[in-house]
Amino acid sequence: MNDWERLRAALAQAAVCLVEVVGTRGSAPRGVGAWMAVQADGSLIGTIGGGHLEWEAMRLACEWLQQGPQPQACTHRLALGPSLGQCCGGVVDIRLGLLTADNADTVQQRLQPPCTPVALFGAGHVGHALVRVLQPLPFAVQWVDSREDMFPAAALPQVQYEHSDPVHDAVRDLLPQSLVLVMSFSHAEDLDIVCACLRRQREQGDLPFVGLIGSATKWAVFQKRLTERGFAPEEIAHITCPIGISGVPGKEPEVIAIAVAAQLLQERARQLSSV
């Protein structure tokens with residue numbers, strides 16, 4: 001379960017104290033909007049940065065809960081200096097408030113960062129590993145494969161399974177601004193998906209990132225075939241191949257998944273900074 005699912009389960013039993021970072025100055029472990037929920041027994045869901053800062057916030061939250069339900073939130077200013085055993089040198093303002101099952105929806109809408117759409121073509125080993133890595137991150141995944149029996153039996157948070165045959169037909173229905181990853185079981189399918197993405201990019205210009213798994217040799221072959229299918233060099237240059245941030249050695253599915261997830265986070269930050 002992700003933090004919000006764990007929080008929902010906890011709220012079914014009792015209210016909790018929601019600790020939010022509402023202001024920072026100087027160096028701080030987390031920014032405004034970071035949160036954690038403190039249960040009456042001191043159990044934590046989420047994090048505002050760990051260390052003595054989090055320990056002090058937990059102590060204050062437990063004291064607050066012991067006073068009984070408080071209708072009004074309260075704030076505290078915590079300096080990240082010797083008194084907290086930290087040397088960040090910054091200041092963090094936190095707010096303590098009551099979180100119940102009744103107001104959880106409103107709070108989640110306010111605190112949960114907007115999810116960036118990711119279109120993942122391929123439910124092989126790397127695809128499964130990547131979905132696991134993306135689970136706690138701010139992405140909504142549209143997971144597509146031409147083989148219907150390749151998806152997990154259970155539904156996953158923020159993941160939509162889609163069986164599409166032919167698989168490239170799903171490209172036309174992708175959400176605008178989707179980050180696309182192509183890693184099907186077949187190079188022929190990969191080529192069809194990439195071509196569909198380039199055609200959509202040519203017509204709509206709304207797929208800011210299209211990544212293709214593969215070696216330098218595979219990419220050389222694909223560039224030749226894409227040229228034969230009528231795509232110009234500047235269109236082909238829109239494809240990122242191989243995928244994943246550089247400098248991460250290893251070809252294990254989990255290693256590739258981490259490198260690709262880091263690249264998606266970079267792309268997401270680039271998108272948000274351009275808004």
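In this predicted model, the protein encloses 1 cavity of 30 Å³ or more. The volume of the largest cavity is about 30 Å³. Its lining is formed by V131, L134, Q135, F139, V141, Q158 and V159. Two elements, α4 (125–134) and β7 (139–145), give two or more residues each to that lining. Sorted by class, the lining of the largest cavity comprises 5 nonpolar and 2 polar residues, with no charged residue.

One of the lining residues, Q158, has an unusual backbone setting. Most residues other than glycine have a negative phi, and most peptide bonds are trans. Q158, although not a glycine, has a positive phi of about 60°. This residue is found in the loop between β7 and β8. Q158 counts as partly exposed because its relative accessibility is 29%.

Q158 is also a contact partner of Q112: with neighbours within four places in sequence left aside, Q112 is in contact with W4 and Q158. Q112 itself is found in the loop between α3 (104–111) and β6. At 26% relative accessibility, Q112 is likewise classed as partly exposed. The C-alpha atoms of Q112 and Q201 are separated by 30 Å, with these positions 89 residues apart in chain numbering.

The open spaces can be taken next. The largest pocket contains about 500 Å³ of space. Of the 21 residues that line this pocket, D3, W4, W35, P113 and P136 lie nearest its centre. W4 thus appears both here and among the contacts of Q112. At least two residues of the lining are supplied by each of α1 (3–11) and β3 (44–47). By class, the lining of the largest pocket has 11 nonpolar, 8 polar and 2 charged residues.

The second largest pocket has a volume of about 350 Å³. It is lined by 15 residues, and those nearest its centre are I213, G214, P242, I243 and I256. Helix α8 (residues 253–274) gives the most to this lining, with 3 residues. The class division for the second largest pocket is 10 nonpolar, 4 polar and 1 charged.

P242 also marks a feature of the backbone. A cis peptide bond joins C241 and P242, with omega about 0°, and P242 lies in the loop between β11 (239–240) and α8. Another cis peptide bond, with omega about 10°, joins D165 and P166. P166 is placed in the loop between β8 (159–163) and β9. The loop between β8 and β9 also holds Q177, a residue other than glycine whose phi is positive, near 70°. Q177 is partly exposed, given its relative accessible area of 37%.

The interior is considered next. In soluble globular proteins, nonpolar side chains tend to be buried together. Here the largest nonpolar core has 26 residues, of which F121, V180, L212, W219 and L226 touch the most other members. The elements that give two or more residues to this core are β6 (116–121), β9 (179–182), α5 (187–204), β10 (209–212) and α6 (216–228). Among them, α5 provides the largest share, 7 residues. L212 shows how distant parts of the sequence meet: beyond its neighbours within four places, L212 is in contact with V182, D190, V194, K218, W219, F222, I239, T240, C241, P242 and I243. The last two of these contacts, P242 and I243, are also among the residues nearest the centre of the second largest pocket. A second, separate core has 23 residues, including V118, A129, L130 and A257.

What is the number of disulfides in the structure? The structure holds 0 disulfides. A disulfide is a covalent bond between the sulfur atoms of two cysteines. For C195, the closest cysteine sulfur is that of C197, and the 9.4 Å between them is too far for a bond. C195 counts as buried because its relative accessibility is 0%. C197 is buried too, with a relative accessible area of 0%.

Finally, the overall frame can be described. The protein has 8 helices and 11 strands, and its C-alpha atoms fill a box of roughly 70 × 40 × 35 Å along the principal axes. Of its 275 residues, 45% count as buried. Among contacts with a separation of 6 or more, 58% are between residues 24 or more positions apart.

Terms used
Residues numbered from 1 in each chain as written. Predicted model: local features only at pLDDT ≥ 70, side-chain atom pairs only at ≥ 80, totals over all residues. Heavy atoms only, no water. Disulfide = S-S within 2.5 Å. Buried < 20%, exposed > 50% of the residue type's maximum accessible area, 1.4 Å probe, protein only. 1 Å grid on protein atoms, 1.4 Å probe; cavity = no way out; pocket = protein on both sides within 12 Å on 5 of 7 lines; lining within 4 Å. Points joined across faces, edges and corners; volume = space filled by probe spheres on them. Helix = DSSP H or I, 4+ residues; strand = E, 2+ residues; numbered from the N terminus. Nonpolar A, V, L, I, M, F, W, Y, C, P; charged D, E, K, R; others polar. Core = buried A, V, L, I, M, F, W, Y, C linked by side-chain atoms within 4.5 Å. Contact = heavy atoms within 4.5 Å.
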